[in-house]
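Student: I would like to go through some of the labels used for this model and see what each one rests on.
Tutor: Go ahead; each label will be set against its definition.

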Amino acid sequence: MTTADTLNQRFSSGRQLGFREVNGLAVAEIDTPLASASLCLQGAHLMTWRPQAQAEPVVWLSKLAKLAPGKSIRGGVPVCWPWFGPHATDAKLPAHGFARTVPWELSEARVLGDGAVELALTLPGSEPTRALWPHRTRAELRLTIGATLTAALTTVNEDDHPIVIGEALHTYFHIGDIGAARVRGLEDCAYLDKVDGGARKRQDGAITFAGETDRIYLDTDAECIIDDERLRRRIRVAKTGSRSTVVWTPWTEKADKMGDFGPDGWRGMLCVESANAAENTVTIAPGERHTLAVEYRVENF
Ligand code: BG6
């Protein structure tokens, strides 16, 4: 019996929630009167989300996204954990941690009374990851998938010493065109500009895009709003337990080099990542837990 068969026996809920296998990876498919979505159990990676009221997806997945054991998926909501970006001391370790490329366990999956689907996934400490992260730490991701999307990433320190984590819900949003989008909510915020050697700068007004943009906004728990003139809608990104917001678009040259965006794919996406990164990493005492939570909501205008 495949993993998908086992998951279907345990959790399937008719047409609204089912599982299939793609290239050896289990994928949850959700199709309810509120939303359609899909999630790969490797990485607890939500790949797509479209509220039924929206003609276009809200979470972007590259047309060239590949699903393969041990590889990250271009698009969706990668879970960056337990560090963000390059590892602080060892450049050989994977960027954005390892959570996005290892299997997670599905512990709960059900249709709630209001019609949203709730999924809970767990990443227990395991032998293969011990070499990368020598601490007893459990991660949990809880998602509610309906007309709005919520995700809560909890880290539990099961060790006897404090741990320091970096993390992000590295969400790729689908937009009509990057040249006609802007992000509000980070006005006057300090940020590290990764396309300018990490220089520390201050945001002046709303963020607009005319080239590669890769910034870590610091000390902010502000709600961000993506205004999308082309699709005539705004996406609201509200968060708790997150002190950084990363805004990233690769633009032509970098997207071409990365090879999995497809021709002009990058023009239709924008990452607004709720994070704890750089000087906003989080220290968790033994026995304590920390939760980073987001809520995404779409309004048409
Ligand atoms: C962003 C980083 O969060 O992720 C960028 O700020 C990085 O520097 C981007 O290029 C994509 O990372 P990856 O590892 O998924 O290609």
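Student: Why is C271 called buried or exposed?
Tutor: Buried means under 20% relative accessible area, exposed over 50%, and partly exposed in between, with a 1.4 Å probe and protein chains only. C271 has 0% relative accessibility, so C271 counts as buried. The model is predicted: local features need pLDDT of at least 70, side-chain atom pairs count only at pLDDT 80 or more, and totals for chains, interfaces and linings use all residues. Residues are numbered from 1 along each chain as its sequence is written, and side-chain values use heavy atoms, with hydrogens and water left out.

Student: How do you know whether C80 has a bond to C271?
Tutor: A disulfide is a pair of cysteine sulfur atoms within 2.5 Å. The closest cysteine sulfur to that of C80 is in C271, 9.2 Å away, which is too far for a bond. The count by this rule is zero disulfides. C80 is also buried, at a relative accessible area of 0%.

Student: What makes D264 count as buried or exposed?
Tutor: The relative accessibility of D264 is 52%, so D264 counts as exposed.

Student: What puts R100 in polar contact with the ligand?
Tutor: A polar contact is a pair of N or O atoms within 3.5 Å; within protein, one must be able to donate a hydrogen and the other to accept it, and residues adjacent in sequence count only if both atoms are side-chain atoms. A side-chain N or O atom of R100 is 2.9 Å from an oxygen atom of the ligand. For R74, the distance from a polar side-chain atom to a ligand oxygen is 3.1 Å.
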